[in-house]
Amino acid sequence: MEAHAQRVREHVVEMCSGPEGGHLGGSLSAVEILVALFLHTMNLDPDDPEWKERDAFVLSKGHAAMALYATLAERGFIEPEEIGTFCRPGSRLATHVNVAVPGVEFATGSLGHGLALANGTAWAQRQAGDRPARTFVLVGDGELQEGSVWEAAQVGRALDADNLVVVIDANEFQQTGAVRDVSDGAPIAGRWAGFGWHTVEVDGHDLAALCSAFDEATRTKGPTAVVCRTKKAQGVGALAGRAVSHFVRLDEAKLRRIRAGMRRPAPLATTTEAGRG
């Protein structure tokens with residue numbers, strides 16, 4: 001899984017070297033979260049993306065599309081070669097997630113809407129059978145300033161949605177600066193617990209801790225919030241932990257420097273834990 005995460009990180013960096021640039025910081029902070037979900041936790045079938053019993057994923061922080069596209073490539077939903085078409089004319093890989101891409105459930109990007117969508121998806125899954133599929137939604141900590149998130153949190157708890165998991169990418173930054181300087185929402189875990197959600201707090205770059213937290217969520221009564229402490233632009237040296245990494249276009253010189261500083265991945269594993277059913 002660490003090798004998969006490293007390849008996802010490399011794909012994101014490469015996409016930021018294209019003509020449009022990309023949302024580097026918030027994509028790299030979410031890499032391990034996405035890898036843990038798609039390669040360990042979620043029941044999916046890349047050969048049948050519309051499989052009715054699949055788990056659903058909603059990327060509420062839709063500007064982290066690059067990380068999701070790269071993860072979908074690692075999971076087999078799209079070919080790795082398609083990554084090179086990011087934001088090029090005619091490409092399916094847009095700046096914000098596009099439902100034309102297999103594995104993408106909703107087009108998102110306008111912040112504050114993903115959890116409401118996930119509420120509906122989780123509710124629909126529960127109507128379909130005694131052992132419902134699950135819905136996971138990834139939100140940013142800056143996004144928690146949207147009142148619609150907390151309205152949806154109240155509804156999720158009222159639905160007593162055992163199959164609903166919200167994952168918070170708490171990288172401490174948003175587009176205009178540090179979250180604490182714009183509108184401090186701490187303590188994040190305490191707020192979710194106050195809304196009646198089972199709450200877990202983990203290192204969002206620790207794959208083992210993430211997998212354990214997501215496994216715990218599947219055994220818990222009611223909805224679960226997993227607060228992931230992350231670093232914006234994790235893995236790219238001087239840009240890590242800085243607001244300036246929010247959106248960047250890497251020229252050839254910057255790309256070479258970042259590549260030189262990135263740890264090379266281990267060989268690709270032939271199997272993953274995630275599967276269908």
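# Exercises on pockets, sheet and loops

The lining of the largest pocket holds nine nonpolar, seven polar and ten charged residues. The model is predicted: local features need pLDDT of at least 70, side-chain atom pairs count only at pLDDT 80 or more, and totals for chains, interfaces and linings use all residues. Residues are numbered from 1 along each chain as its sequence is written, and side-chain values use heavy atoms, with hydrogens and water left out.

## Exercise 1. Confidence

Task: find the mean pLDDT of the protein chain, and state over which residues pLDDT stays under 50.

Solution.
- Start with the term: pLDDT is the predictor's confidence in each residue, from 0 to 100.
- The chain has a mean of 91, and 95% of its residues reach 70 or more.
- Residues 265–273 stay under 50. The model has 15 contacts beyond four places in sequence for them; a contact means heavy atoms within 4.5 Å.
- Where pLDDT is low, the predicted coordinates should not be read in detail.

## Exercise 2. The sheet

Task: write down the strand order of the open sheet and explain why β1 and β6 each have one side without a neighbour.

Solution.
- Fix the elements: helices (H or I, at least four residues) and strands (E, at least two) are DSSP runs, numbered from the N terminus.
- Fix the pairing rule: two strands pair if DSSP finds at least two bridges between them.
- The order of the five strands is β1-β2-β3-β7-β6, with parallel pairing.
- β1 (56–59) and β6 (198–203) are at the edges with a single partner strand each, so one side of each lacks a neighbour in the sheet.
- On average, neighbouring strands of this sheet are turned by 20° against each other, direction ignored.
- Look at one pair: β3 (residues 164–170) and β7 (residues 224–229) run parallel and are joined by six bridges. Val 165 has Thr 224 of β7 as its bridge partner.
- Now add a helix. α3 (residues 31–41) packs on the sheet and touches β1, β2 (135–140), β3 and β7. Its direction makes about 175° with that of β2. Axes are lines fitted to C-alpha atoms, for helices over the stretch in contact, and angles run from 0 to 180 degrees between N-to-C directions.

## Exercise 3. Pockets

Task: compile volume and lining for the largest pocket and the second largest pocket.

Solution.
- On a 1 Å grid over the protein atoms alone, a cavity is a set of points where a 1.4 Å probe fits but cannot get out, and a pocket is an open set with protein on both sides within 12 Å along at least five of seven lines; lining residues have an atom within 4 Å of a point.
- Grid points are joined across faces, edges and corners, and a volume is the space filled by probe spheres set on the points.
- The largest pocket encloses about 640 Å³. Of its 26 lining residues, Glu 53, Arg 131, Pro 132, Ala 133 and Arg 134 lie nearest its centre.
- α5 (114–127) and α9 (207–218) are the elements that give two or more residues to this lining. α5 gives the most, with four residues.
- The second largest pocket has about 320 Å³. It has 20 lining residues, and His 63, Leu 111, Gln 174, Gln 175 and His 246 lie nearest its centre.
- Classify the second lining: two nonpolar, 13 polar and five charged. Ala, Val, Leu, Ile, Met, Phe, Trp, Tyr, Cys and Pro count as nonpolar, Asp, Glu, Lys and Arg as charged, and the others, Gly among them, as polar.

## Exercise 4. Backbone exceptions

Task: locate the cis peptide bond that ends at Pro 187 and the positive phi of Asp 160.

Solution.
- Recall the rule: most residues other than glycine have a negative phi, and most peptide bonds are trans.
- The bond from Ala 186 to Pro 187 is cis, with omega near -5°. Pro 187 sits in the loop between α7 (179–183) and α8 (188–194).
- Asp 160 has phi near 50°. Asp 160 belongs to the loop between α6 (147–158) and β3.
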